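Here are some exercises to work through with the model open beside you. Try each task by yourself before you read its solution.

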Amino acid sequence: MADLERRQIRVRGTVQGVGFRPFVYRVAVELGLSGSVVNDSEGVLVEVEGSAGALDELERRLVADAPPLARVTALESSSLPPPLLTPPAGAIATAGGVTTGGSADASGFRIVESRAGPAPAAAVSVDVATCADCQSEVADPADRRFGYPFTNCTNCGPRYTIIRSIPYDRPATTMAEFTMCDACAAEYHDPADRRFHAQPNACPVCGPRLRLLAPDGTVRAERGSALEGGVEALRAGHVVAVKGLGGFHLAVVATDEQAVAELRRRKRRDDKPFAVMVADLATARALGHLSPEAEAALASPRRPIVLVPRHPPPPRTCVSDRQQVPLTDARTGGGAGVAEGVAEGVAPGLPELGLMLTYTPLHHLLLAGVGRPLVMTSGNASDEPIAHDDNDAVARLGPMVDAILTHDRPIHIRCDDSVVRSRPGGDVQMVRRSRGYAPEPLELPGRARRQVLAVGAELKNTVAVAKDCAVVASHHLGDLGHLAAYRSFLQAVGHLCHLAGVEPDVVAHDLHPEYLSTKFALELALPTVGVQHHHAHIASCLVEHGHRGPVLGLAFDGLGLGSCGTLWGGELLVADLQGFRRVGHLRAVALPGGDRANTEPWRMAMAWTEAALGTAAAERYGRQVDERWKAVLSLIEHPGTAGTTSVGRLFDAVAALVGLHPRMTYEAQAAIALEAATAGVPVGDGAGYEAVVHREAGLAVLDPAPLVARVVAERDAGTPVPVIAAGFHDGLARSAAALAVELARGHGLDTVALSGGVFQNARLSMVVEQACRHSGLTVLVHREVPPNDGGISIGQAAIAALAPPA
């Protein structure tokens with residue numbers, strides 16, 4: 001026994017709900033080690049005995065060979081006293097089979113029942129798309145899970161959306177009410193089975209069941225008949241609400257113009273694009289151009305919606321009856337059912353499509369039955385949070401749908417689909433971080449000095465917590481102006497603090513006093529830290545890249561309250577994670593009508609025309625677009641009207657000036673259309689579209705008035721809109737990059753960070769990046785954290801957590 005050692009190994013990170021304990025068990029048995037492994041509130045704890053060489057190999061493999069879904073952030077090993085002969089109470093699996101505890105000799109390795117602690121610190125696993133093994137079982141008529149919509153295993157299935165508390169075990173999830181049958185229990189306790197300790201394990205005998213409801217909630221069918229009814233409804237052109245992992249989708253056949261138009265009418269969503277779910281990569285390739293990075297994201301276990309350039313549809317034949325278009329079984333070949341492309345109404349007037357692959361067995365079965373891609377859009381009315389329980393679905397979605405395909409596995413946390421965008425260089429950028437990504441921790445570039453709750457912004461809200469060396473952000477919560485979204489916000493605050501074991505010392509919030517998140521923070525009986533909006537944007541980019549700063553930050557977005565009380569949105573900041581200094585900004589112009597200008601770009605078009613060309617030019621434009629032009633012109637000229645330095649509102653203005661969406665039906669519609677108009681126009685040098693720089697109160701002011709004047713002149717000369725749009729993008733980007741290079745060098749900085757929602761514009765971002773890099777600067781760009789307000793809480797949390805003591 002003299003050559004034996006005994007160690008305690010603490011494994012931290014995303015190690016619960018990912019098959020880590022079964023993995024430890026198998027490796028330990030293979031190496032001839034004895035001991036135990038347990039989930040607790042800090043992660044996974046291993047107590048193990050064996051030769052020094054075998055123990056060293058175990059530690060190596062725990063990191064190097066960890067399960068695909070695991071994310072080991074730390075491994076701590078320490079020596080233990082000589083072994084006891086009695087195993088820990090609650091042992092439930094040994095190399096020889098199953099036991100319920102009691103005494104045993106010191107040989108063998110055990111998985112021990114989870115134990116809770118006072119302060120959870122274990123990372124919660126994200127929801128994971130159905131693995132290939134489970135897909136094969138669902139498709140195999142000889143398998144006992146043939147056609148079962150809730151098939152899962154250790155490598156896939158629901159996690160975050162069903163977890164009520166940690167440690168992660170079945171009783172702590174919404175699967176607690178489903179008692180495993182003998183066959184499932186045998187799999188669960190068999191170390192050789194891939195369902196060994198798969199907490200959501202289920203089958204048709206003991207697991208959740210499908211139901212098809214009428215719009216009023218009346219049960220129409222159950223189980224397989226419910227699936228058949230849902231397929232039939234979709235093939236008939238009906239709108240069906242489908243319950244997924246994190247909530248309900250509204251579904252129609254994506255190739256059916258009439259069904260898509262009807263969905264838009266019922267959802268009150270005139271123009272905003274819909275996402276399309278496809279059965280396989282071949283179908284996705286038939287609909288859009290997939291870079292290797294976009295394809296990898298699309299097929300990853302995270303299964304986000306990926307925005308990709310769409311292929312132009314082939315000429316359509318005249319088809320007056322849905323049934324004249326043959327429906328092809330999606331299981332029989334790549335690209336099935338898309339020969340004629342998706343309906344134009346899916347993404348009207350846009351050169352991109354939002355595509356996603358099926359990610360639950362129910363999705364696989366639906367797509368196989370319908371034989372066509374499906375629109376899968378959030379189950380809500382425009383801008384509301386998604387419905388996630390049956391009562392809510394009947395109440396809110398019932399009036400919009402012809403049927404509701406649901407099931408009896410409760411969703412604890414509603415969670416929208418994540419969205420990433422394919423950029424011209426091939427890489428992808430996060431747009432909405434939610435299902436499949438949240439609540440995966442991000443590493444802080446330093447150790448937190450305090451525990452923090454950060455409550456984010458008003459739109460695209462997320463909340464975040466910071467503790468030790470990590471920041472954990474919630475799923476996408478949406479616009480807090482909606483009561484249901486605010487309720488989700490309140491739930492997310494409590495749930496995230498509980499899961500992360502955070503007892504906040506401070507609450508970080510935006511400076512805007514009218515944000516509901518700010519009001520919530522100020523009402524708590526805790527110290528608060530106000531974080532300027534654009535500083536938080538830059539900080540979120542620094543966190544993503546593990547960079548402490550300082551950097552020259554370009555924060556371009558819609559609006560955010562500045563530290564001086566004015567509305568910022570085109571900022572150049574010398575910033576790190578402890579503070580910032582404003583060194584430049586876009587020229588300020590009037591924001592006529594306040595919030596109305598956010599949805600009526602013609603107002604900003606008048607403001608920028610007046611700034612660039614004077615009152616007469618603004619009047620000429622205003623007379624053409626809206627009868628309220630005189631009142632708006634008065635606001636522009638009134639010295640009391642609030643001004644803004646917003647780059648987002650500049651994009652709105654230029655879009656309206658060239659005739660693109662002077663009035664918007666969804667956020668950023670005008671700017672999206674302006675970028676879309678540049679498709680096919682090569683990137684140029686922006687000659688003739690340059691902004692100028694002057695100094696004002698010690699700050700560099702980027703003045704695009706000459707650029708706006710050029711836009712107006714080209715428009716009046718009949719220059720095609722795509723050419724004008726491209727010139728505007730390239731000229732503004734090169735002017736901003738030149739100023740950034742100048743300011744970075746002037747302040748001795750070698751790194752630039754780009755953040756804010758405007759930098760979701762791929763062309764603008766690409767030109768700025770390339771120009772800065774050509775000048776020798778390092779450029780930090782968002783990939784994993786959204787550049788928009790969805791990343792604000794992450795920046796807030798980092799700033800408050802790392803701030804020096806007062």
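The exercises below go from strands to helices and then to single residues, and they rest on a predicted model.

**Exercise 1. A covered strand**

Task: Find out how many residues of strand 2 are buried, and which of them point one way and which the other.

Solution: Start with the count. Strand 2 covers residues 34–40, and 7 of its 7 residues are buried. Next, recall the general pattern: in a regular strand the side chains alternate between the two faces of the sheet. Now apply the pattern here. Ser34, Ser36, Val38 and Asp40 point one way, while Gly35, Val37 and Asn39 point the other way. Both sets are buried.

**Exercise 2. The partners of strand 2**

Task: Work out which strands are joined to strand 2, and in which sense each runs.

Solution: Take strand 3 (residues 43–51) to begin with. This strand runs antiparallel to strand 2, and 7 bridges join the two. One pair to look up is Gly35 with its bridge partner Val48 in strand 3. Strand 2 and strand 3 form a hairpin, with 2 residues between them. Then turn to strand 6 (residues 109–115). Here 5 bridges make the link to strand 2, and the two strands run parallel. For a pair in this case, look at Val38, which stands opposite Val112 in strand 6.

**Exercise 3. Strand order in an open sheet**

Task: Trace the order of the 11 strands in the open sheet, and say which strands stand at the edges.

Solution: Going across the sheet, the order is 8-7-15-9-10-14-11-13-12-16-17, with mixed pairing. Strand 8 (219–222) and strand 17 (428–432) stand at the edges; each has a single partner strand, so one side of each lacks a neighbour in the sheet. On average, neighbouring strands of this sheet are turned by 30° against each other, direction ignored.

Now check the mixed pairing step by step:

- Strand 11 (residues 275–278) pairs with strand 14 (residues 374–378) in the antiparallel sense over 2 bridges. Val276 stands opposite Val375 in strand 14.
- Strand 11 also pairs with strand 13, in the parallel sense over 4 bridges. Leu355 in strand 13 is the bridge partner of Val276.
- Strand 13 pairs with strand 12 (residues 305–309) in the antiparallel sense, over 4 bridges. Gly354 in strand 13 is the bridge partner of Leu307.

As for cover, 5 of the 6 residues of strand 13 are buried. Finally, add a helix to the picture: helix 6 (residues 257–267) lies across strand 10 (248–253) and strand 14, and runs at about 145° to strand 10.

**Exercise 4. Two contacts of helix 17**

Task: Describe how helix 17 packs with helix 18 and with helix 20.

Solution: Begin with helix 18. Helix 17 (residues 647–657) and helix 18 (residues 669–676) pack at an angle of about 65°, with axes 8 Å apart. The two helices are therefore roughly perpendicular to each other. Their crossing is left-handed. At this contact, Phe651, Asp652, Val654 and Ala655 of helix 17 meet Ala670, Ala671 and Leu674 of helix 18. Sorted by type, these residues are 6 nonpolar, no polar and 1 charged.

Continue with helix 20 (residues 721–746). Helix 17 packs with helix 20 at an angle of about 155°, their axes 11 Å apart. That makes the two roughly antiparallel. This crossing is right-handed. Val647, Leu650, Phe651 and Val654 come from helix 17, and Phe728, His729 and Leu732 from helix 20. The types here are 6 nonpolar, 1 polar and no charged.

**Exercise 5. Two single residues**

Task: Decide whether Thr360 and Ile724 are buried or exposed, and list what each touches beyond four places in sequence.

Solution: The cut-off needed is that buried means under 20% relative accessible area. Thr360 has 9%, so Thr360 is buried. Thr360 sits in the loop between strand 13 (352–357) and helix 9 (361–370). Thr130 and Leu245 are its contacts.

Ile724 belongs to helix 20. With 1% relative accessibility, Ile724 counts as buried too. Ile724 touches Val658, Tyr689, Val711, Glu714, Arg715 and Thr719. As a last step, compare sequence with space: Ile724 and Val681 are 43 residues apart in sequence and 10.0 Å apart in space, C-alpha to C-alpha.

Note on methods. Residues numbered from 1 in each chain as written. Predicted model: local features only at pLDDT ≥ 70, side-chain atom pairs only at ≥ 80, totals over all residues. Heavy atoms only, no water. Axes fitted to C-alpha atoms, helices over the stretch in contact; angles between N-to-C directions. Parallel < 35°, antiparallel > 145°, perpendicular 65-115°, else oblique. Left-handed = near helix turned anticlockwise from the far one by under 90°. Contact = heavy atoms within 4.5 Å. Nonpolar A, V, L, I, M, F, W, Y, C, P; charged D, E, K, R; others polar. Buried < 20%, exposed > 50% of the residue type's maximum accessible area, 1.4 Å probe, protein only. Pairing = 2+ DSSP bridges.
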